[in-house]
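Thanks for coming, everyone; I would like to walk you through one structure today, going from a few local details out to the whole chain. Please have the model open while I talk.

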Amino acid sequence: MEFMGDRATLLETGRFVQQHAGNAADVTSAADAADTPAASQVDGVGATEGADSVESAGAEERYRRAAESGDTASMSVLGALLMRRGDLDGAEPYLRAATSEGDRAAANNLGVLLHQRGYADEAAGWWRIAAVAGSAAAAHALGRHFRERGDEPAAEYWLRQSAEQGHALGAYALADLLEHRSDVGAERWLRAAAEQGHREAAYRLARALERRAADEARAGGDAGLLVVRTDGDAASAADGACASPGGRGRDTGAPSGRAGPEDQAGPEPTVLDEAAQWYRQAAARGHRRAALHLGAILEKRGELKEAGRWYLTSAKDGEARAACALGFLLRDAGDEESAAVWWLRAAQEGDGNAANALGALHAARGEQQTAERWYRAAMDAGDVNGAYNLGLLCAAQDRTAQAEQWYRRAAYAGHREAANALAVLLLQSGDATGAEPWFSKAAEAGSVDAAFNLGILHVGRDDDRTALVWYARAAAAGHTEAALQVGIALLRDGDDRAAERHLRCAAGGGSPEAAFRLATLLDSRQPPPGAPALGEPPAEKTECEEWYERAAEQGHRRAQVRVGMLAAARGDMAEADRWYREAAEAGSRNGAFNLGLLLAREGNEREAALWWTRAARAGHGRAALRLALLAARRGELTEGQRWCARAVELGPAEVAERAARLRDALHQELTA
């Protein structure tokens with residue numbers, strides 16, 4: 001039981017030191033969203049001089065003697081002391097006597113005593129007397145009394161009286177009432193209580209600020225909401241968001257003082273920075289959920305060591321989500337064994353996400369039965385990802401019927417990626433009619449992969465217009481391959497500018513084909529290069545060449561050939577050889593042909609012939625013609641005729657014409 005509240009009369013004795021009521025009273029558990037009941041509010045003893053110190057000094061007996069002689073202040077203090085010990089029978093006469101003499105602290109405490117005994121209406125009467133006399137604690141208790149009875153106007157009136165006098169619990173209770181009515185004024189009073197050290201107010205203020213930051217991020221197009229991580233075994237729903245070469249920094253901000261934001265040199269703190277400060281204040285006072293959310297913000301900023309410290313604090317206090325998040329942090333740091341310990345702790349406390357993580361861990365180790373057990377535990381905990389992950393597990397084992405069963409269960413529960421996976425399974429089994437509704441349901445629920453798959457489905461029906469609609473939707477959500485398909489369609493329609501935007505998105509997302517097509521588009525806009533002037537420094541690489549190189553480095557064979565050609569044009573034959581050879585070895589006939597040309601110019605006709613042979617056999621007409629000319633020079637007329645026939649067959653027209661003339665000449669020489 002805590003002693004707090006108004007001490008106006010007691011202070012006149014000069015025996016007690018004043019301390020603000022709110023500093024001694026806080027919600028005892030982080031899970032508590034409301035104040036402690038009015039029964040715990042007892043006025044009369046200063047926070048700096050507790051009942052124990054009074055008793056040890058023999059002061060209680062002096063108060064008792066003074067009270068018996070009619071001293072009002074002593075009666076009030078003695079009643080509060082006895083009440084704190086739980087001696088309600090002994091306290092009541094002294095409190096009533098002091099109240100009758102006009103001591104408002106005694107009136108408030110008498111109300112508390114009566115409330116504890118179940119006489120709520122009589123308690124309210126004494127609280128009203130004390131509140132009218134200026135007791136902030138009594139006004140708070142009276143406001144709570146009216147709220148419990150559903151009289152919100154009266155509750156608001158008295159809670160506002162308490163809050164405006166600087167009472168922390170009154171401010172918090174008023175904020176709770178206003179927040180319940182979605183009144184924007186709630187934040188002001190949460191802040192007032194938080195600034196006085198009320199940890200639940202600090203937590204709820206931080207939550208409100210974090211929600212505002214998330215709303216601002218969504219309005220600004222930033223999907224990076226700050227949430228406690230919930231990844232398990234579920235596969236990624238979509239490719240990464242559109243990107244361009246180079247990254248973008250993030251302002252992590254810096255926390256300031258305990259009580260609230262302070263002026264800082266440098267960037268102005270963001271709303272999220274302020275939320276982190278209030279989370280920190282609540283967490284420092286033992287609020288486990290505040291520690292969890294603070295850890296999530298710090299993890300998002302990349303401050304992993306401190307994030308782990310707050311997750312650990314929260315997890316040790318029994319917050320399962322913090323234990324789960326700590327597990328992911330440890331896993332990412334390479335400590336899988338410690339991660340499993342925390343996941344196990346969280347899963348045993350009913351955290352479905354941790355159970356999914358354990359399932360994924362055991363599945364990766366090949367322990368399928370254990371993985372399935374944990375996925376079922378996640379499902380039993382109400383996490384629909386458990387059913388989805390069971391579907392993934394069964395699909396990986398070619399248990400198609402069971403996979404379909406689990407996918408359906410998750411899909412019916414609203415899991416969009418399970419709906420997409422179910423549709424893919426049905427499509428693979430030839431049931432396109434059954435697949436389409438699930439694709440549509442998943443896409444409408446926000447599955448990027450499902451939107452892309454609908455595009456593929458409609459392309460297969462030669463419905464390019466509808467396919468493009470779905471591709472465009474997936475591309476807008478950052479799907480790399482969808483952006484490529486939209487870009488290709490726009491190129492086909494002649495809309496180069498719009499095509500460029502989509503190709504940049506897809507290329508930045510890692511598509512080598514998009515990088516190559518973007519480079520080709522940019523290349524087509526460049527004037528043909530002129531001959532370099534004598535002594536002129538070599539030109540810097542153009543943007544299109546950079547995109548060619550990016551595609552080439554990702555294994556795009558046509559891009560590799562193009563980079564080789566650009567290197568050869570610069571006179572860098574070693575670089576040209578490297579790219580031609582890489583393309584040729586990957587199966588590019590153009591790469592093999594160009595490598596042959598490069599080798600022949602360097603006098604290595606033997607190796608050149610090997611690469612031309614490979615190119616010709618893959619259908620390259622010019623390579624066949626080169627082999628025919630090489631054979632003719634060597635006097636291998638029959639071999640030359642054979643390659644001429646192949647060149648005529650392969651073309652193009654110019655090559656076929658030259659090969660035909662050479663074939664005729666060789667024939668004449670053979671028959672001469």
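Let me start in the loop between helix 20, residues 385-396, and helix 21, residues 400-412, since that is the place of aspartate 398. Please keep in mind throughout that what we are looking at is a predicted model. Aspartate 398 has a positive phi of about 60°, although it is not a glycine. As background, most residues other than glycine have a negative phi. Is aspartate 398 buried or exposed? With a relative accessible area of 66%, aspartate 398 is exposed.

There is a second aspartate to set beside it. Aspartate 462 sits in the loop between helix 24, which runs over residues 448-460, and helix 25, which runs over 464-476. Aspartate 462, again not a glycine, has a positive phi of about 60°, and it counts as exposed at 69% relative accessibility.

While we are on the backbone, let me take you towards the end of the chain. The peptide bond from glycine 651 to proline 652 is cis, with omega near 5°, and as a general matter most peptide bonds are trans. Proline 652 lies in the loop between helix 35, residues 637-650, and helix 36, residues 653-671.

Helix 36 itself deserves a moment. From its first C-alpha to its last, helix 36, with 19 residues, reaches 27 Å, which is close to the 27 Å expected at 1.5 Å a residue. Which residues of helix 36 are buried? They are Val655, Ala656, Ala659, Leu662 and Leu666, and because they cover an arc of only 130° around the axis, they lie on the same side of helix 36. The general background is that an α-helix has 3.6 residues a turn, so residues three or four places apart point the same way. The buried residues of helix 36 pack against helix 34, residues 621-634, and against helix 35, whereas the face turned away from the buried side carries the exposed residues Ala653, Gln668 and Thr671.

Now for another helix, helix 17, which covers residues 336-348. Helix 17 has 13 residues and spans 18 Å between its first and last C-alpha, close to the 18 Å expected at 1.5 Å a residue. Its buried residues are Ala339, Ala340, Trp342, Trp343, Ala346 and Ala347, and these pack against helix 15 (304-316), helix 16, helix 18 (352-364) and helix 19 (368-380). Just after helix 17, glycine 350 takes a positive phi of about 95°.

Tryptophan 343 leads us on to the interior. Leaving aside neighbours within four places in sequence, tryptophan 343 is in contact with Cys324, Gly327, Phe328, Arg331, Ala354, Ala357, Leu358 and Leu361. Together with Tyr311, Trp343 has the most contacts inside the largest nonpolar core, a set of 89 residues. Which helix gives the most to this core? That is helix 16, residues 320-332, with eight residues. Apart from this core lies another, of 66 residues, among them Ala435, Cys505, Leu518 and Leu522. In soluble globular proteins, as a general point, nonpolar side chains tend to be buried together.

One further buried residue is leucine 422, found in helix 22, residues 416-428. Leucine 422 counts as buried at 0% relative accessibility. Beyond its neighbours within four places in sequence, leucine 422 is in contact with Glu404, Tyr407, Arg408 and Trp438. Leucine 422 and tryptophan 406 are 16 residues apart in sequence, and 9.0 Å separate them in space, C-alpha to C-alpha.

A word on cysteines before I step back. A disulfide is a covalent bond between the sulfur atoms of two cysteines, and a search of the whole structure finds zero disulfides. Cysteine 324 is buried, with a relative accessible area of 1%, and cysteine 394 is likewise buried, with a relative accessible area of 1%.

Finally, the chain as a whole. How many helices and strands does the protein chain have? The secondary structure comes to 36 helices and two strands. Of the 672 residues in the protein chain, 48% are buried. The chain exposes about 31,600 Å², and carbon and sulfur atoms supply 49% of that area. Among contacts between residues at least 6 apart in sequence, 53% join residues at least 24 apart.

Notes:
Residues are numbered from 1 along each chain as its sequence is written. This is a predicted model: local features need pLDDT of at least 70, side-chain atom pairs count only at pLDDT 80 or more; totals for chains, interfaces and linings use all residues. Side-chain values use heavy atoms; hydrogens and water are left out. Helices (H or I, at least four residues) and strands (E, at least two) are DSSP runs, numbered from the N terminus. Buried means under 20% relative accessible area, exposed over 50%, partly exposed in between (1.4 Å probe, protein chains only). Contact means heavy atoms within 4.5 Å. Accessible areas come from the Shrake-Rupley method with a 1.4 Å probe; for residues, only the protein chains shown count as cover. A disulfide is a pair of cysteine sulfur atoms within 2.5 Å. A nonpolar core is a set of buried Ala, Val, Leu, Ile, Met, Phe, Trp, Tyr and Cys residues joined through side-chain atoms within 4.5 Å. The expected span of a helix is 1.5 Å times one less than its number of residues. The arc is that of the directions from the helix axis to the C-beta atoms.
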